[in-house]
Every structure is written in structure tokens, then in C-alpha cells.
Amino acid sequence: MADRSGMGIGHGGSGLDLHLELAKNAGGVGRALEAALREAMRSGRLAPGVLLPGSRSLAADLGLSRGTVVQVYAQLAAEGWLTGTPGSGTRVAGLPAGSTGEERGGEPEHDERTRTGLAADGPARRWEADLRPGRPDLSSFPRGAWASSVRRAVSMADAALFDYGEPAGVPPLRAAVADYVSRTRGARVTAGSVVITGGFSSGLALLARTFHRLGVRRAAVEDPCLRRHREMLCAAGLGLDPLTVDAEGADPSGLRDGTGVVLLTPAHQHPRGVVLAPARRAAFVEWARRGDGYLIEDDYDGEFRYDRQPVGALQALGPDRVVLGGTAGKALAPGMRIGWLVTPPALREPLLEVIEETSAAVPVIDQLALADLIARGDYDRHIRRLRLVYRRRRTELAERLATVTATPLEGVSAGLHALLPVDSADRERRLVAAGEDAGLRLHGLYTFGYWHAPSDRPAALVLGYASPPQHAWRRSLDLLTAVLQAGP
């Protein structure tokens, strides 16, 4: 057994306390340090993202030359174990290509890719391009405006706002949202009807529990729709019925007796990209009023219409029967986790009770910062900039696809994604797999469970053209074109 000497290292500069065992007969101190660090990362003691000590600090603590530590870091970076950015230090990366998840000693990730039989991303997966739908360009986040809003929120807010707040959210944000939604989406809303949530998904989960408590046992959803939304409704104890989606949106004729609530994306159906027709909008509202039911309107990208003015919110036709849900995640970033519900009066108190019971409040400073961003007009200006960018991208996507396929994109010119029909579910899966091999992240109607009950339903790629950062957009189009031309 190798003779080892354990070294405990304390690094005030990096905040890292790390125990390394350097083997004396490992071929020199450089090789010993390299092996010790590699073992710590392989075993999971050094997790992905951990900041390592600076080379000067580590060399001083170990009694080595700085050059030795620099060479070790460089070798491990070349192998894919470490990443380094000037000014940001050296961090642990994911596992190098070819390594296994078991080497980390942890469980594999269980995201949508593992549930559909595709390879898990894992910490080491480096995608050249990402066309997942429903995500904005994260590099476009308005860091300067947000930082200014945070500073103003912290310095100018009344101290009482930092106490345990109202479950509905802080008054400044509810007022700002009420103004924004009524002004841009034509909704009938007051600050008193707004409830702040941790994004639309959080709001949907809270609503599902609320409806179940009120005696609702069945809900209807669009087919296809996001599987995650179906799962949330089911988790609250609601049975689900699918509603066929065609060129006019969800078909209300499919509503069954006993249904108490319907989840819709009327402005830009996800994922088909169609707009709910006027006659069907009226029919859904009439159904809700006639049968004492409710509609949940997911207005997730209602601001992003490129060929004309967006249609107004369905909520305006029946504010007593429609819950309007919105989010800042599609305009700013999903990680913001801030959304809102515009609630009918009869639902407000039951919903607030569920929020209090689940401690689902949103951090106060984030709420105040978003209120400032909206009130100063920075939120509107940001959306206008993105609208121009995404409109141009959708046009470029359609033009590029026209060079490799005669199949046009489906849906209206709106939102953050477009649908490209393909011949069959089998071909869709092959294209998604080919994209994975090429480093291109793709979603499909079958591969990511949009269908309520898959069988012989239409297949398609759901192309999120908003996701890539600007510098990667052309490369994303090139990879997509290459995958389609290869025709797996």
C-alpha cells in the first residue's frame, strides 16, 4: 500500500477547507497533487462548481512551487476536470467525457431526458447549441437595470416591508403588475386581485390545491401541453381530461360533465403555437359561467407577438371566472421565480390560505426590485428589445429551414418557440438523438411527453429559437440544418 501523508489545507482566500492525501511514491509532488485532486473530484468531495484555491495560496500551504500547482491545474483543465476564467479563478467542472456518474458517488440526474430514455445531461455535458423551448436568451438579462432596481429597493423601501409580509405579495409589486397587465394585456385587474407567486408553475400548483380543497375533482388540459403542468394538477388529486388542439386552439366541445377547471394557453398555445379562436374563447367563458367552473389562463409569452398586436387576455371576457397567470421568467430569466395570478374574488381567500400553509411567499427584495423595474419602464423597454431580436430569429429560422425541408413552421409568428412537423414519432426521436450526438439540444412532441396519451398523434420538433445567446445563434442554425440534412 502506498505510503501517504495527509495534508489539511485551510484557505481563507477561497473559503475552502480541503483535506488531501499526497502519495509519496506517486512520481513526484506534482503527480501526487494531480492524483489527489482528481480523486477528490471523482469521489464527489469536490463537487462541480467549487472554487479552488489560487495557485499561489495552494503552493504556499503545501510548500510547493507555484509553477508546480499551475502545471497541475493546467493538466486537469486539459482533461476536463477543471475550468478557469480570468478574474474568476479555477473551478471544478463536470466529469470528463467517458467518465461515469458512479464515479461521483451520487445518483444520476432524473430530468426529462432520463424519463424519456435519452441520455442524462450529467454535469459534464457541454452542448454546442440549445434549442429548448420556453426559455429566453439568458445572456440578455438586464443586469445593470436589475442591479439598480435592487439598490433602490433596498435603500428606499419602508422598513416595514422587510417584515413577514402579506401572502399575496408586497403592495408595490401588486400595484405595478396590475398596471402592467391591464396596460399591455387588456386585463381587468386591480392591485387587490393580484397574487404574487414563485413563477407560473408555483402558481399552478397552488391553484390546483385550492381547487381540490373547494371540491373540484376533474380538470381539462390542452392536448398536447406541457407534461409538467399535467403532473402538477394530478399531484393535487385532480383527474385530467384532454382537449383536442387544432388550428383554432383547444376545442371546448371535448369538455366532460364533472370538469371544474380548464387550463389554457389562449394567446399562443404551447406547443402548437396557435391562437384560441374568438368563438372558442367565448364558448369557454360561457361554459365556466354556466357550470360554476373556472379557467386558468397561462399567459406565459403573451407579450411576444411579431406579425401584429397580441390578442388581449381571455380574462377580460370573464374576470369572475378566469385566473390570469403570468411570469417574469420568459422576459427576464426562469431563475427569477417570480410570477403573478390575477384572481377572481371568490378564489382569493382560499388561495391565500394555501399560500400561508405552504410558506410559498416570494422574497421581498426580489419583489420590490421587480416593482421598481416595471414602474421605471425598464421592464417594458427590455421586452421591446427582445421582441425585435426574437422576431428576427424566427424569420431567420424559417428562411434557413426552407433550404432543407419543404415543411413550413406551424403556428403564428409569436412566442419563444416554433413547431416543425416531421413524418413520424420514430423520425422525431432519431432527429433528437442525432442532435444530441452533434451537441444540439432538441425537444420533440413525443420525446418530451407533450401528448396526453401518445399513439398515432402528429410528431414535430419544438424549436426554442430564443434560447441561444446571440453569439451562438448562427451556430445553432448551422447544427440544426446539418441534422435535418443528414435525415436520420
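These legends go with an overview and several close-up views of a predicted model.

**Figure 1. The whole protein, with its helices and strands.**
The predicted chain holds 488 residues, and buried residues make up 52% of them. Its secondary structure comprises 14 helices and 17 strands. About 21300 Å² of the protein is exposed. Carbon and sulfur atoms supply 51% of that area. Contacts often span long stretches of sequence: among those between residues at least 6 apart, 69% join residues at least 24 apart.

**Figure 2. Close-up of a nonpolar patch on the surface.**
Three residues form this patch: Val 154, Phe 162 and Ile 365. Together they have about 240 Å² of accessible area. Ile 365 sits in helix H11, which covers residues 364-375. Is Ile 365 buried or partly exposed? Its relative accessibility is 35%, so Ile 365 counts as partly exposed.

**Figure 3. Close-up of Val 150 and the residues it touches.**
Val 150 belongs to helix H5, made of residues 143-156. With a relative accessible area of 25%, Val 150 is partly exposed. Leaving aside residues up to four places away in sequence, Val 150 touches Ile 365 and Ala 369. Ile 365 also appears in the patch of Figure 2, with Val 154 and Phe 162. The view includes Leu 368 as well: its C-alpha atom and that of Val 150 are separated by 7.5 Å. Along the chain, Val 150 and Leu 368 are 218 residues apart.

**Figure 4. Close-up of Cys 225 and Cys 234, two cysteines without a disulfide.**
A disulfide is a covalent bond between the sulfur atoms of two cysteines. How many disulfides does a search of the whole structure find? The search finds zero. Why is there no bond between Cys 225 and Cys 234? The closest cysteine sulfur to that of Cys 225 is in Cys 234, but the distance is 9.9 Å, too far for a bond. A disulfide needs the two sulfur atoms within 2.5 Å. Seen from the other side, the cysteine sulfur nearest to Cys 234 is that of Cys 225, and Cys 234 is in no disulfide.

**Figure 5. Close-up of the surroundings of Cys 225 and Cys 234.**
Cys 225 has a relative accessibility of 7%, so this residue counts as buried. The cut-off for buried is under 20%. Cys 234 has a relative accessible area of 43%, and is therefore partly exposed.

Notes
Residues numbered from 1 in each chain as written. Predicted model: local features only at pLDDT ≥ 70, side-chain atom pairs only at ≥ 80, totals over all residues. Heavy atoms only, no water. Patch = residues over 30% accessible without salt bridge, like charges linked within 9 Å, V, L, I, M, F, W, Y side chains within 5 Å. Areas by Shrake-Rupley, 256 points an atom, 1.4 Å probe, with all protein chains shown as cover. Salt bridge = Lys/Arg side-chain N within 4 Å of Asp/Glu carboxyl O. Helix = DSSP H or I, 4+ residues; strand = E, 2+ residues; numbered from the N terminus. Buried < 20%, exposed > 50% of the residue type's maximum accessible area, 1.4 Å probe, protein only. Contact = heavy atoms within 4.5 Å.
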